[in-house]
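Thanks for coming. I have one structure to go through this morning, so let us put it on the screen.

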Amino acid sequence: MKIAIQQANYAKEKGEVPIGAVIIDAKKEIIALGRNMTKSLKDPTAHAEIIAIRRACNNLNSERLNGCSIYVTLEPCPMCASAIGATHLKNLFYGASDPKSGGVERGPRIFSHNQAHFKTEIFNGFYEEEISKLMKDFFLSLRS
């Protein structure tokens with residue numbers, strides 16, 4: 001999760017919403033990193049999770065990430081949660097909950113929905129205070 005936080009800080013330095021993601025394989029080796037890049041790529045789908053998923057799929061030359069896990073600083077939105085399920089990521093670890101835009105614990109609860117084809121295991125609450133502060137400070141800086 002610390003590497004995901006580093007990616008989030010890098011996104012913040014670039015003026016992006018500070019969210020980072022890391023994907024590891026079954027051997028616990030990092031296969032992809034991601035950070036929010038929506039502004040720099042001018043792509044509303046360029047969330048940290050999507051960037052990491054695209055890179056991991058390219059690195060493994062596969063549309064599935066069976067046996068892999070993703071670490072994300074913030075609870076994934078519905079789009080990212082759906083992508084996590086579609087790629088068959090085994091585990092999702094995330095830091096802080098997102099009461100406004102989350103798609104795992106909040107909102108549509110993608111993985112607990114009856115129509116979910118793949119059930120990713122969910123673990124949360126890692127470095128929650130640090131990540132929440134990072135997010136709050138970023139949005140406060142935008143308002144100043």
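Asn 124 counts as partly exposed, because its relative accessibility is 35%, and partly exposed is the class between 20% and 50%. This is a predicted model, so everything I say about Asn 124 and the rest is computed from predicted coordinates. Asn 124 sits in strand S5, which covers residues 121-124.

What is Asn 124 in contact with, leaving aside its neighbours within four places in sequence? The list is Tyr 94, Gly 95 and Glu 105. With Tyr 94 there is a side-chain to side-chain polar contact of 3.1 Å. The side chain of Glu 105 also makes a polar contact with the side chain of Asn 124, at 3.4 Å. For a longer reach along the chain, take Gln 6: Gln 6 and Asn 124 are 118 residues apart in sequence, and their C-alpha atoms are separated by 18 Å.

Now a second asparagine. Is Asn 36 buried or exposed? Asn 36 is buried, because its relative accessibility is 6% and the cut-off for buried is under 20%. Asn 36 is a loop residue, placed between strand S2 (30-35) and helix H2 (38-41). Outside the residues up to four places away in sequence, Asn 36 touches Ala 11, Glu 16, Val 17 and Ile 19 on one stretch of the list, and Ala 46, His 47 and Ala 48 on the other. With Val 17 there is also a polar atom pair: a polar atom of the Asn 36 side chain lies 3.4 Å from the backbone oxygen of Val 17.

Next, helix H1, residues 2-13, and in particular Glu 13. Glu 13 counts as exposed, because its relative accessibility is 64% and exposed means over 50%. How far apart are Glu 13 and Phe 138 in space, C-alpha to C-alpha? The separation is 10.0 Å, for two residues that are 125 apart in sequence.

Then helix H4, residues 78-86. Which residues of H4 are buried? They are Cys 80, Ala 81, Ala 83, Ile 84 and Gly 85. As a reminder, an α-helix has 3.6 residues a turn, so residues three or four places apart point the same way. The buried residues of H4 pack against three elements: helix H3 (48-60), strand S3 (69-74) and strand S4 (91-96). Just after H4 comes His 88, with a positive phi of about 65°.

Let me step back to the whole chain. The protein has 5 helices and 5 strands. Read from the N terminus, their order is α-β-β-α-α-β-α-β-β-α. The radius of gyration is 14 Å, which agrees with the value near 15 Å for a compact globule of 144 residues. The C-alpha trace spans about 45 × 30 × 25 Å along its principal axes.

On burial, 44% of the 144 residues count as buried. On contact order, take the contacts between residues at least 6 apart in sequence: 55% of these join residues at least 24 apart. The exposed surface is about 7,900 Å², and carbon and sulfur atoms supply 52% of that area. As for charge, there are 19 positive and 15 negative charges, and their mean positions are 3 Å apart.

That is what I have for today.

Terms used: Residues are numbered from 1 along each chain as its sequence is written. This is a predicted model: local features need pLDDT of at least 70, side-chain atom pairs count only at pLDDT 80 or more; totals for chains, interfaces and linings use all residues. Side-chain values use heavy atoms; hydrogens and water are left out. Helices (H or I, at least four residues) and strands (E, at least two) are DSSP runs, numbered from the N terminus. Buried means under 20% relative accessible area, exposed over 50%, partly exposed in between (1.4 Å probe, protein chains only). A polar contact is a pair of N or O atoms within 3.5 Å; within protein, one must be able to donate a hydrogen and the other to accept it, and residues adjacent in sequence count only if both atoms are side-chain atoms. Contact means heavy atoms within 4.5 Å. The radius of gyration is taken over C-alpha atoms; the globule rule is 2.2 Å times the number of residues to the power 0.38. Accessible areas come from the Shrake-Rupley method with a 1.4 Å probe; for residues, only the protein chains shown count as cover. Lys and Arg count as positive and Asp and Glu as negative; His and the chain ends are not counted. The place of a charge is taken as NZ of Lys, CZ of Arg, CG of Asp or CD of Glu.
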